[in-house]
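Welcome! Below are some exercises, each with a worked solution, to help you find your way around a structure that is new to you. Try each task yourself before reading on.

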Amino acid sequence: MAYNLQPLITILEGILDPDQTLWIVDENNPQIQSLLDKATSLQQLLDSKSSLTKLDSKIREVAHQAEDILEYHMVHMLPDPRFFAPTHVRFTLSTPDLQQVIRELGSVMEQAEKLMEMEERKMPRELDSSSSSGSKSAVVVGIDEDLMQLKDRLTRMEKKLEIVPIVGMGGVGKTTLTRKLYEDNMIVECFHCRAWATVSQDYNMRQVLKSLLRCITGKDCDQPTNELKDMLYKSLFGRKYLIVLDDIWSTKFWDEIRMYFPDNNNGSRIVSTTRESDVANYANSLSLQHQVRLLSESESWNLLHQLVFGEEECPLVLQEIGRKIAKDCGGLPLAISVIGGGLLCKMERSEDVWRKIGDNVMASISGLDERCYSILFLSYNNLPNHLKPCFLYMAAFPEDYEIKGSKLVYMWNTEGFVKSNGERSLEEKAKDWLKSLVERNLFLVSEYNKNYYRLKPKSYYSMHDMLRIYASGNLLNGPSHFNVSNPRRKAEYSSGAFFASVMVRVLDLMDMDCDRFPTEIYELVNLRFLGVGFRSSIPRGISRLCNLQTLIAPRSRFDEPAELWKLSELRNVKVRGAEWLKDEERNYSVMKKLQRISFNIWEEEATTWDDFHKSIPNIKKLFVSNFLRTSRAMDLSQLHKLESLSCSKIRSISSPDGFGRCFRVIFPCNIRKVILMECEMILGAWRTLCALQKLEVLTMLDCNFVSEEEKSDEEWELAYGDEFPSLHFLTLDLFSLVRWIANETNYPVLCHLRLSVCQKLEEIPSGIGEIPTLQLIELFKCSEFAVASAERIVEEQSENGNDLKLRIITEDES
């Protein structure tokens with residue numbers, strides 16, 4: 001699949017959108033519509049064919065050229081909003097440059113059609129999917145624990161046919177591990193017959209069947225494919241067998257071959273290796289995946305040492321630089337094997353020579369072995385079209401950079417990668433895409449907790465250096481992120497000076513600090529994403545950024561906060577203070593596109609929620625912190641599309657019902673997720689939460705119950721009828737509860753219960769175990785009584801044939 005044209009299509013659709021109020025498109029100027037038609041047609045063609053990657057570079061070049069021409073004119077046509085309101089601007093464009101882009105896009109379309117014709121005329125290729133049983137033994141380290149776990153899964157007493165998926169990124173050692181497992185003496189003795197076939201991306205079913213039958217029968221079979229399938233089934237029927245299917249890429253393969261592996265109820269096993277978790281799940285969604293991890297620093301050095309020196313000692317003078325070279329391979333066995341077995345073992349063993357290689361390990365690998373990048377190319381080539389620019393975008397960040405998932409999602413959206421179909425928001429679709437890249441083992445995930453107790457961690461994403469260098473090589477001019485050194489979209493900030501291309505879309509200055517907000521940013525009217533970590537105030541003029549979609553400024557005050565209501569394209573806002581919410585300043589402006597708001601409200605700010613819902617009718621996520629108010633509840637009932645609410649340190653100064661400093665909120669009916677942190681609640685708040693028929697996730701961290709006498713109540717009793725009808729996930733963190741009285745009727749569909757730092761809790765209600773949907777109980781730093789009660793619940797359910805799991809989280813895991 002070739003490069004995705006969606007960013008260009010997004011720009012063109014935005015100009016021609018009949019609902020947009022900024023641009024007036026000249027009716028006698030059909031070039032824009034023509035360009036949109038050609039781009040859309042080519043995108044549809046690319047989506048339907050996987051043989052057009054040869055055109056990647058050309059398509060990207062033409063698309064970037066068109067984006068630059070369009071946005072250059074858009075930027076320079078906008079009037080200065082300090083003097084004129086940026087509305088109803090006539091968009092005229094009839095330049096030779098645009099005509100040239102249209103011609104080149106048409107030329108690419110012709111080339112694509114010719115490639116398709118040629119591909120259709122070709123005869124199907126037969127790939128040799130066999131794997132020599134006498135292959136050279138590879139040097140391996142760090143797999144002893146993996147082998148032990150996998151051997152246990154293959155030899156345990158379970159009689160039913162089981163599929164064991166081995167999953168990991170390209171080059172991580174899945175095949176090497178599986179080969180060691182396949183040839184292990186214990187495994188050889190356990191099975192009546194074993195067979196191995198390498199499937200590969202462009203698999204040939206006939207060759208796969210021939211490879212398996214060759215292992216089983218010892219003969220070369222040359223019958224038609226359908227006959228080979230029958231032969232495979234008959235040769236395995238009644239026998240205890242082990243099948244290895246190496247390097248599976250598609251679910252289609254499973255659909256075609258699965259029925260020819262009989263379940264003889266005798267402990268037969270199928271081991272599959274794949275880079276893609278969804279393929280592993282498709283084979284058997286109930287089977288636990290075995291994830292092959294990257295090597296540790298010590299394991300990396302051990303492998304490099306064996307490759308270069310074998311049983312010899314490494315000279316002391318080379319040990320320090322050798323360990324650095326091993327570390328810089330990022331734990332990827334493929335990279336270590338290339339630089340160790342393909343380079344260092346053939347070179348002079350001198351400190352100077354090794355240091356030259358150690359100065360840039362990845363560059364040494366990239367210039368050495370095309371095999372590495374052919375392996376990585378397969379992962380990229382197999383991506384759906386819409387994921388390719390998202391994958392390449394990660395290469396825009398520096399080496400070892402980790403980015404928060406929500407920020408990455410916002411950046412993809414502002415770059416125009418994601419297209420809305422009207423059913424789901426851009427953010428929801430982008431989150432699914434991020435998950436898909438993780439499941440394909442192309443992005444690494446790290447999780448961090450800011451607090452010592454167990455709360456749902458924040459996920460940060462990065463890319464292995466080998467993949468990053470590969471992606472950088474395919475990035476060409478790159479996206480518009482400020483860290484990318486490219487002539488198209490560049491912004492730099494250092495030593496108090498700020499330089500930027502006027503067409504930059506994404507500007508992330510969260511990790512920088514300065515004494516003043518650089519007002520030069522206001523010249524970047526093409527900006528879609530702005531993140532600043534400055535403590536300095538943001539001066540008047542931000543309304544000039546009329547294309548801004550995401551604004552993250554959690555530490556800054558606004559000199560004129562009401563300006564935010566002039567940013568009609570805003571989708572996500574995270575700011576300090578709530579001055580911009582005041583009625584008299586916003587004049588009831590409506591921000592139809594706003595999806596997410598996060599802000600702090602300070603004690604001295606008198607804020608009212610009256611009619612606020614009219615200004616943000618489509619808000620889906622809301623985070624409020626330090627909400628100190630007098631007597632009035634926070635009424636969110638009119639925010640009909642609000643799905644997620646997070647409240648931190650919410651306390652009222654007083655309330656008319658005599659409950660002192662208790663937090664009061666009126667929820668909207670469609671709320672699905674509620675997170676309460678350091679809030680005080682009256683016991684009656686439970687009935688308010690129970691009344692939320694769609695509530696699926698409830699997290700309470702360091703919250704207090706207050707009785708009518710304003711004394712902390714250590715008992716939480718749910719009476720008959722106190723039912724959370726849709727609650728799937730319940731988390732109680734840092735709670736002072738002693739007694740918890742409830743049963744299965746109170747949480748009829750609960751799936752996951754997490755308790756953290758509940759050190760006074762006497763027991764978990766035994767009735768919790770009777771919930772038919774409950775799958776997991778997690779405990780962290782809970783009382784020994786709570787742990788014992790959880791163990792009893794799990795044991796009782798196991799005796800009744802229910803697969804309820806208990807996880808005791810250690811300090812290291814937290």
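**Exercise 1. Compare the span of helix H20 (residues 426-439) with the span expected at 1.5 Å a residue.**

Solution. Step one: helices (H or I, at least four residues) and strands (E, at least two) are DSSP runs, numbered from the N terminus. Step two: H20 has 14 residues, which should span 20 Å at 1.5 Å a residue; the rule takes 1.5 Å times one less than the number of residues. Step three: the end C-alpha atoms of H20 are 20 Å apart, so the two values agree.

Before you go on, please note that this is a predicted model, in which local features need pLDDT of at least 70 and side-chain atom pairs count only at pLDDT 80 or more, while totals for chains, interfaces and linings use all residues. Residues are numbered from 1 along each chain as its sequence is written, and side-chain values use heavy atoms, with hydrogens and water left out.

**Exercise 2. Find the buried residues of H20, then look just past its end.**

Solution. Start with the term: buried means under 20% relative accessible area, exposed means over 50%, and partly exposed lies in between (1.4 Å probe, protein chains only). In H20, the buried residues are Leu 426, Glu 427, Lys 429, Ala 430, Trp 433, Leu 434, Ser 436 and Leu 437. Just after H20, Asn 441 has a positive phi of about 60 degrees.

**Exercise 3. Repeat the span check on helix H2 (residues 31-48), and list its buried residues.**

Solution. H2 has 18 residues and reaches 26 Å from its first C-alpha to its last, close to the expected 26 Å. Its buried residues include Gln 31, Ile 32, Leu 35 and Leu 36. Further along H2, Ala 39, Leu 42, Gln 43, Leu 45 and Leu 46 are buried too.

**Exercise 4. Is Arg 544 buried or exposed?**

Solution. First locate Arg 544: it is found in the loop between strand E14 (529-532) and strand E15 (550-553). Arg 544 has a relative accessible area of 8%, so it is buried. Next, look at its side chain, which makes a polar contact with the side chain of Glu 523 (3.2 Å). A polar contact is a pair of N or O atoms within 3.5 Å; within protein, one must be able to donate a hydrogen and the other to accept it, and residues adjacent in sequence count only if both atoms are side-chain atoms.

For contrast, turn to Ser 406 in helix H19 (residues 405-414). With a relative accessible area of 29%, Ser 406 is partly exposed. Ser 406 and Tyr 460 are 54 residues apart in sequence, and their C-alpha atoms are 9.0 Å apart in space.

**Exercise 5. Work out the strand order of the open sheet of 5 strands, and say why E4 and E7 each have a side without a neighbour.**

Solution. The order is E4-E5-E6-E3-E7, with parallel pairing. Strand E4 (193-198) and strand E7 (290-291) stand at the edges, each with a single partner strand, so one side of each has no neighbour in the sheet. Two strands pair if DSSP finds at least two bridges between them; E4 and strand E5 (residues 241-248) are paired over 6 bridges. The bridge partner of Cys 193 is Tyr 241 in E5.

**Exercise 6. Describe the surroundings of strand E21 (residues 644-648).**

Solution. Begin with burial: 5 of the 5 residues of E21 are buried. Ser 644, Ser 646 and Ser 648 lie on one side, with Leu 645 and Cys 647 on the other. Then check the partners. Strand E18 (residues 621-625) pairs with E21 in the parallel sense over 5 bridges, and Phe 623 has Ser 646 as its bridge partner. E21 is also joined by 5 bridges to strand E24 (residues 673-677), again running parallel, where Ser 646 stands opposite Ile 675.

**Exercise 7. Which residues touch the most other members of the largest nonpolar core?**

Solution. A nonpolar core is a set of buried Ala, Val, Leu, Ile, Met, Phe, Trp, Tyr and Cys residues joined through side-chain atoms within 4.5 Å. Of the 85 residues in the largest one, the answer is Leu 698, Phe 724, Trp 740, Tyr 747, Leu 755 and Ile 764. Helix H24 (residues 784-799) gives the most to this core, with 5 residues.
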